[in-house]
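Let's walk through this structure together, moving from a single side chain out to the way the parts of the chain meet. Keep the viewer open as you read.

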Amino acid sequence: MPSRIITLNEVIIQKQSAFPYAKGELSRLLSHIGLAAKIVAKKINKAGLVNILGDSKNVNVQGENQQKLDVFANEVFINTMRASGICVGITSEENDEMVLFDDDLSLDGKYIICMDPLDGSSNIDVNVSIGTIFSIYRRVSSRGEKATLEDFLQPGNKQVAAGYVLYGSSTMMVYSTGLGTTGFTLDNTIGEFCLSHPYMVTPKQGKIFSVNQGNFINFPRGTKEYIKYCQEKDEATNRPYSARYIGSLVADFHRNLMKGGIFMYPTTGSAPTGKLRLLYECNPIAFLAEQAGGLATDGLGNRILDIQPTDIHQRVPFYTGSKDMVQRAEEFMEEYKDEK
Ligand code: AHM
């Protein structure tokens with residue numbers, strides 16, 4: 001913990017100096033994300049007090065009910081990014097199609113964003129932690145024109161920055177521009193994200209496994225065997241591990257990042273390619289995991305960041321967290337790869 005207050009904007013500017021040719025556009029974009037996050041955090045904190053909870057009438061592209069806070073967060077982030085003039089378009093979990101900005105300022109923008117404005121939405125009504133996840137790419141299309149599908153279908157290894165905001169017992173923003181993973185905690189009294197976790201390094205081996213075991217019967221054999229391994233007693237390897245699962249990716253990942261652990265969302269009967277979305281859930285989380293010394297794979301030997309997306313709402317199986325644990329899960333998956 002630093003001895004004086006250092007704000008998010010100060011750190012963003014410091015990190016920019018590591019890139020001598022940077023013009024400050026990415027820094028400004030990250031500051032805008034911080035601003036939008038503060039607006040959303042304020043609304044979430046008041047959610048229990050005002051009549052904002054409950055389903056809105058819209059159903060999103062995944063066939064799920066959008067709740068009012070999802071709609072609110074989506075609008076806040078889209079409007080803030082549009083106003084930044086640095087971002088030319090957004091792919092959001094809440095929009096079927098890409099949202100392309102076409103005002104003169106935005107058309108000249110250098111970046112596109114993929115985001116889940118309010119992840120873990122089933123937890124909103126019950127006052128459990130939720131999050132925002134974002135991923136920033138340099139556009140591949142020409143500046144001055146509208147963004148294209150190719151801008152959004154870039155593999156995760158092309159991310160220039162990624163992060164999440166965790167609306168928990170306190171609000172945190174964790175992000176990386178490829179120079180390590182850094183965490184900030186919102187000080188509500190001054191309305192600033194303050195540096196609280198300068199170098200986030202996840203333990204190589206943890207004691208937590210996080211997975212929705214309600215789906216166990218439909219998991220691949222390798223994942224079932226790995227879960228049994230986590231539950232077995234073995235003093236030499238500190239097993240059994242503890243099972244912890246909130247059902248909010250940001251919160252589950254954040255806990256494991258801090259303490260060491262593995263998060264898994266495998267294929268299931270109802271989600272044969274997994275549930276989580278590559279562009280705005282798995283890629284940004286994978287980027288942060290790797291920047292903190294962890295790993296992220298699809299359980300089939302493929303690094304998440306190397307998967308070539310084919311669809312903006314594509315889903316993939318997801319295994320992430322402490323390096324040794326993800327590698328062990330991969331070994332089980334490999335051993336039983338020919339079995340259901
Ligand atoms: P959402 O988009 O409806 O919020 O779903 C995403 C969430 C993730 O945050 C979480 O990891 C996962 O869904 C939990 O799914 P499940 O309830 O199937 O375990």
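**From one tyrosine to two domains**

A good place to start in this predicted model is Tyr167, which, leaving aside its neighbours within four places in sequence, is in contact with Ala37, Val40, Ala41, Ile44, Phe77, Leu118, Ser129, Ile130, Gly131 and Thr132. Tyr167 also belongs to the largest nonpolar core, a set of 43 residues, where it is listed with Ile113, Leu118 and Ile136 as having the most contacts inside that core. Helix α2, spanning residues 25–46, supplies the largest share of this core, with nine residues. Apart from this core lies another, of 39 residues, whose members include Met172, Tyr265, Ile285 and Ile307. In soluble globular proteins, nonpolar side chains tend to be buried together.

Now step back to the whole chain, which is divided into domain 1 (8–200) and domain 2 (208–335). Taken over C-alpha atoms, their centres are separated by 23 Å. Domain 1 brings 50 residues to the contact and domain 2 brings 32 residues.

How much area do domain 1 and domain 2 bury between them? The value is about 2,900 Å², with 62% of it on carbon and sulfur atoms. As for polar links, 14 residue pairs are in polar contact across the interface of domain 1 and domain 2, and one salt bridge is found there. On the domain 1 side, the elements that give two or more residues to the surface touching domain 2 are β3 (87–92), β5 (111–119), β6 (130–138), α5 (149–152), β7 (159–167) and β8 (171–176). To finish with a pair you can pick out by eye, the side chains of Glu93 and Arg277 meet in a salt bridge, at 2.7 Å from N to O.

Key:
Residues numbered from 1 in each chain as written. Predicted model: local features only at pLDDT ≥ 70, side-chain atom pairs only at ≥ 80, totals over all residues. Heavy atoms only, no water. Core = buried A, V, L, I, M, F, W, Y, C linked by side-chain atoms within 4.5 Å. Buried < 20%, exposed > 50% of the residue type's maximum accessible area, 1.4 Å probe, protein only. Helix = DSSP H or I, 4+ residues; strand = E, 2+ residues; numbered from the N terminus. Contact = heavy atoms within 4.5 Å. Domains from an automatic or database assignment. Buried area = accessible area lost by both parts, 1.4 Å probe. Salt bridge = Lys/Arg side-chain N within 4 Å of Asp/Glu carboxyl O. Polar contact = N/O pair within 3.5 Å; in protein donor to acceptor, adjacent residues only side chain to side chain.
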